[in-house]
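I sat down with the structure today and wrote up what I looked up, entry by entry. Here are my notes.

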Amino acid sequence: MSSPTLFEWIGGAEVLGKLTSEFYRKVKADDILAPVFAKMSDDHPAHVAAFIGEVFGGPKTYSEEHGGHPEMIRHHLNRHLTEKQRRRWISLLLDTYEEIGGPGDPEFASALVGYLEWGTRLAVINSQPGAKVFENAPMPKWGWGEVGGPYQP
């Protein structure tokens with residue numbers, strides 16, 4: 001028996017779309033994050049859902065339609081993100097995830113938090129002066145890690 005991808009386990013594109021739509025609605029009202037996303041386009045939540053979906057083993061939509069990982073890096077260049085903003089982004093996203101009823105098992109939660117920590121730290125690094133885009137950078141792939149998949153009672 002093979003383990004489902006993280007994309008399948010979370011509920012696919014529909015759940016990721018709901019998560020990012022609700023999350024970015026909250027971002028607009030957040031004192032710490034609203035200034036960062038003040039010029040956010042209406043399709044930003046869908047782009048982020050496609051990116052996370054691809055990273056979690058779903059369709060290659062972000063790479064095929066939006067330029068893959070190099071393009072994501074470009075969106076962060078010279079944004080001067082702070083640790084406070086990074087931590088708030090994770091906190092608000094995880095709160096939203098709980099509110100929409102995402103999978104509550106510890107294996108998925110561990111994979112999700114691991115990815116969010118890794119990805120947001122890269123975003124901060126790539127938002128600082130002197131950061132560069134590597135045009136051939138592969139799309140990140142995130143899985144279950146050492147846990148071996150969701151708990152099977």
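Which helix is Thr61 found in? I found Thr61 in helix α4, which covers residues 61–66. A reminder to myself before going on: this is a predicted model.

**Entry: Thr61**

I looked up how open Thr61 is, and its relative accessibility is 26%. Partly exposed runs from 20% to 50%, so Thr61 counts as partly exposed. Next I checked what Thr61 touches. Leaving out residues up to four places away in sequence, I noted Ala50, Glu54 and His66. I also took the C-alpha to C-alpha distance from Thr61 to Phe51, which is 7.6 Å, with their positions 10 residues apart in sequence.

**Entry: Thr20**

Buried or exposed, I asked of Thr20? Thr20 is buried, at 1% relative accessible area. This residue lies in helix α2. Again leaving out residues up to four places away in sequence, I listed Pro45, Ala46, Val48 and Ala49 as what Thr20 touches. I tried a long-range distance too: Thr20 and Gly119 are 99 residues apart in sequence, and their C-alpha atoms are 15 Å apart in space.

**Entry: α2 against α3**

The Thr20 contacts sent me to the helix pair. Helix α2 spans residues 12–27 and helix α3 spans residues 44–55. At what angle do α2 and α3 pack? I have about 135°, with the axes 8 Å apart. That makes α2 oblique to α3. I noted the crossing of α2 and α3 as right-handed.

Then I wrote down who meets whom. From α2 I have Leu16, Gly17, Thr20, Ser21 and Tyr24. They meet His44, Pro45, Ala46, Val48, Ala49, Ile52 and Gly53 in α3. Sorted by class, the contact of α2 with α3 has seven nonpolar and five polar residues, with no charged residues.

**Entry: the loop between α5 and α6**

I went looking at backbone angles here. Asn78 lies in the loop between α5 (68–76) and α6 (83–99). The phi of Asn78 is near 60°, which is positive in a residue other than glycine. Asn78 counts as exposed, with 52% relative accessibility.

His80 is found in the loop between α5 and α6. What is the phi of His80 near? I read a value near 55°, positive in a residue other than glycine. His80 counts as partly exposed, at 45% relative accessibility.

**Entry: α6 against α7**

Helix α7 covers residues 106–126. I looked up how α6 and α7 pack: the angle is about 150° and the axes are 10 Å apart. That makes α6 roughly antiparallel to α7. The crossing of α6 and α7 is right-handed.

On the α6 side of the contact I listed Arg86, Trp89, Ile90, Leu93, Leu94 and Tyr97. On the α7 side I listed Phe108, Leu112, Val113, Leu116, Glu117, Thr120, Arg121 and Val124. How many charged residues does the contact of α6 with α7 have? I noted three charged residues, alongside 10 nonpolar and one polar.

**Entry: aromatic pairs**

I ended on the rings. How many aromatic pairs does a search of the whole structure find? The search gave me 12 aromatic pairs. One of them is Trp9 with Trp144, an edge-to-face pair at 5.9 Å centre to centre, with 80° between the planes. That pair links distant parts of the chain: Trp9 sits in helix α1 (residues 6–10) and Trp144 in the segment after α7, 135 residues apart. Trp9 is partly exposed, with a relative accessible area of 29%, whereas Trp144 counts as buried at 11% relative accessibility.

I also wrote down Phe23 with Trp89, an edge-to-face pair with 5.1 Å between centres and 75° between the planes. Phe23 lies in helix α2 and Trp89 in helix α6, so this pair ties together parts that are 66 residues apart in sequence. Phe23 is buried, with a relative accessible area of 0%, and Trp89 also counts as buried, at 15% relative accessibility.

Last lookup: which residues do ring pairs link into a cluster? I listed Trp9, Phe56, Tyr97, Phe108, Tyr115, Trp118, Trp142 and Trp144.

Methods. Residues numbered from 1 in each chain as written. Predicted model: local features only at pLDDT ≥ 70, side-chain atom pairs only at ≥ 80, totals over all residues. Heavy atoms only, no water. Axes fitted to C-alpha atoms, helices over the stretch in contact; angles between N-to-C directions. Helix = DSSP H or I, 4+ residues; strand = E, 2+ residues; numbered from the N terminus. Parallel < 35°, antiparallel > 145°, perpendicular 65-115°, else oblique. Left-handed = near helix turned anticlockwise from the far one by under 90°. Contact = heavy atoms within 4.5 Å. Nonpolar A, V, L, I, M, F, W, Y, C, P; charged D, E, K, R; others polar. Buried < 20%, exposed > 50% of the residue type's maximum accessible area, 1.4 Å probe, protein only. Phe/Tyr/Trp six-rings, centres within 6.5 Å; stacked < 30°, edge-to-face > 60°.
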